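The following exercises ask the reader to derive structural statements step by step. Please examine the sequence and the model before attempting them.

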Amino acid sequence: MSEPTDRFMIEIGSGTVVHIIDMDADQGGRNSRFSFGIGGPGEMMCSHGNRHPRPQHVPVSEFLADLDIDKDGFKGDAPDEICSYCWSNAREAVGTERNQAGDDISERIGTVGYRLRWKQKGRARDEWYDIVVGPETTMAELDRLVCRFSTLDDFHLRMYGLEDEYLDSSLNVIPDHQYEKAGDRSYTRASEMTIADVAKRATLWDGDRLSMIYDFGTPSHYYCIVKEVYEPAEVDEVLERDDVITSTDTAAIVREKRQ
């Protein structure tokens, strides 16, 4: 299965909203619910628009970034600029393929590593960092790397969670020194939870999301998207590369963008 950013493209043409094209639809003889006779490769994800005879295609992620729309994958409602039917059908298509691969995925969760793209909410286009982690990487190691590229320090109270709603779906993981000060045994020390533990709890895979909230009185937070899944041997190869920016024993920052 192609990553959504490779598979789905925005077709720039006429109309009040743009439409989404499934670039995989022509591959492997796969049939689509929607059939159109003109336009470029792939098929439109709805029956409410027309293909442009000379289309210009851009990745969905690039289109959203150009408009400064902070979305990952097809979660939530469609942006005003994109056809809501296309958005809904693309989300359904991604979910279907993921469910079809579910048995294999469920067996591998907890045994694989990930490339996590970390961003600060509100500055997603300006700055991001890719951190590769192994299943044995502790949340304490990840915390050290996240704080390596941020302005956070030990005086900022922070907690790791799932998705955006950290109060409702939190992992309740906090740095060890803050755990001691909190005195609340419902929290978990960052050194006592591994990526494998998080992955099993969240069924973590491509396109999923983690977040880190700091200074709880504000909405400011960092979040990451799972950009790639690695076998443990691949993680080891990454950690041994010369271009690693900084690392711990089992994790490393491997790419960054700063503006």
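The exercises below concern a predicted model, and each is followed by a worked solution.

**Exercise 1. Overall composition**

Task: State how many helices and strands the chain has, and what share of its residues is buried.

Solution.
- Step 1. The secondary structure of the chain comprises 9 helices and 13 strands.
- Step 2. Of the 259 residues in the chain, 46% are buried.
- Step 3. The surface can then be considered: the chain exposes about 13300 Å², of which carbon and sulfur atoms supply 45%.
- Step 4. Turning to contacts with a separation of 6 or more, 56% are made by residues 24 or more positions apart.

**Exercise 2. An open sheet**

Task: Determine the strand order of the sheet formed by 4 strands, identify its edge strands, and name the bridge partner of Ile21 in S3.

Solution.
- Step 1. The sheet is open, its strands follow the order S3-S2-S1-S4, and the pairing is antiparallel.
- Step 2. Strand S3 (43–44) and strand S4 (56–59) each pair on one side only, which makes them the edge strands.
- Step 3. Strand S2 (residues 19–22) runs antiparallel to S3 and is joined to S3 by 2 bridges.
- Step 4. Within S3, Met44 is the bridge partner of Ile21.

**Exercise 3. Two cysteines without a disulfide**

Task: Explain why Cys86 is not bonded to the closest cysteine sulfur, and decide whether Cys46 is buried or exposed.

Solution.
- Step 1. A disulfide is a covalent bond that links the sulfur atoms of two cysteines.
- Step 2. The criterion applied here requires the two sulfur atoms to lie within 2.5 Å.
- Step 3. For Cys86, the closest cysteine sulfur belongs to Cys46 and is 3.6 Å away; the pair is therefore too far apart for a bond.
- Step 4. By this rule, the count is 0 disulfides. Cys46 is accordingly in no disulfide, and the nearest cysteine sulfur to Cys46 is that of Cys86.
- Step 5. Buried means under 20% relative accessible area. Cys46 has 0% relative accessibility and therefore counts as buried; Cys86, also at 0%, counts as buried.

**Exercise 4. The setting of Asp143**

Task: Locate Asp143 in the secondary structure, classify its accessibility, and list its contacts beyond four places in sequence.

Solution.
- Step 1. Asp143 lies in helix H5, which covers residues 139–149.
- Step 2. The relative accessible area of Asp143 is 7%, so this residue is buried.
- Step 3. With neighbours within four places in sequence left aside, Asp143 is in contact with Arg158, Tyr160 and Pro175.

Conventions. Residues numbered from 1 in each chain as written. Predicted model: local features only at pLDDT ≥ 70, side-chain atom pairs only at ≥ 80, totals over all residues. Heavy atoms only, no water. Pairing = 2+ DSSP bridges. Buried < 20%, exposed > 50% of the residue type's maximum accessible area, 1.4 Å probe, protein only. Contact = heavy atoms within 4.5 Å. Areas by Shrake-Rupley, 256 points an atom, 1.4 Å probe, with all protein chains shown as cover.
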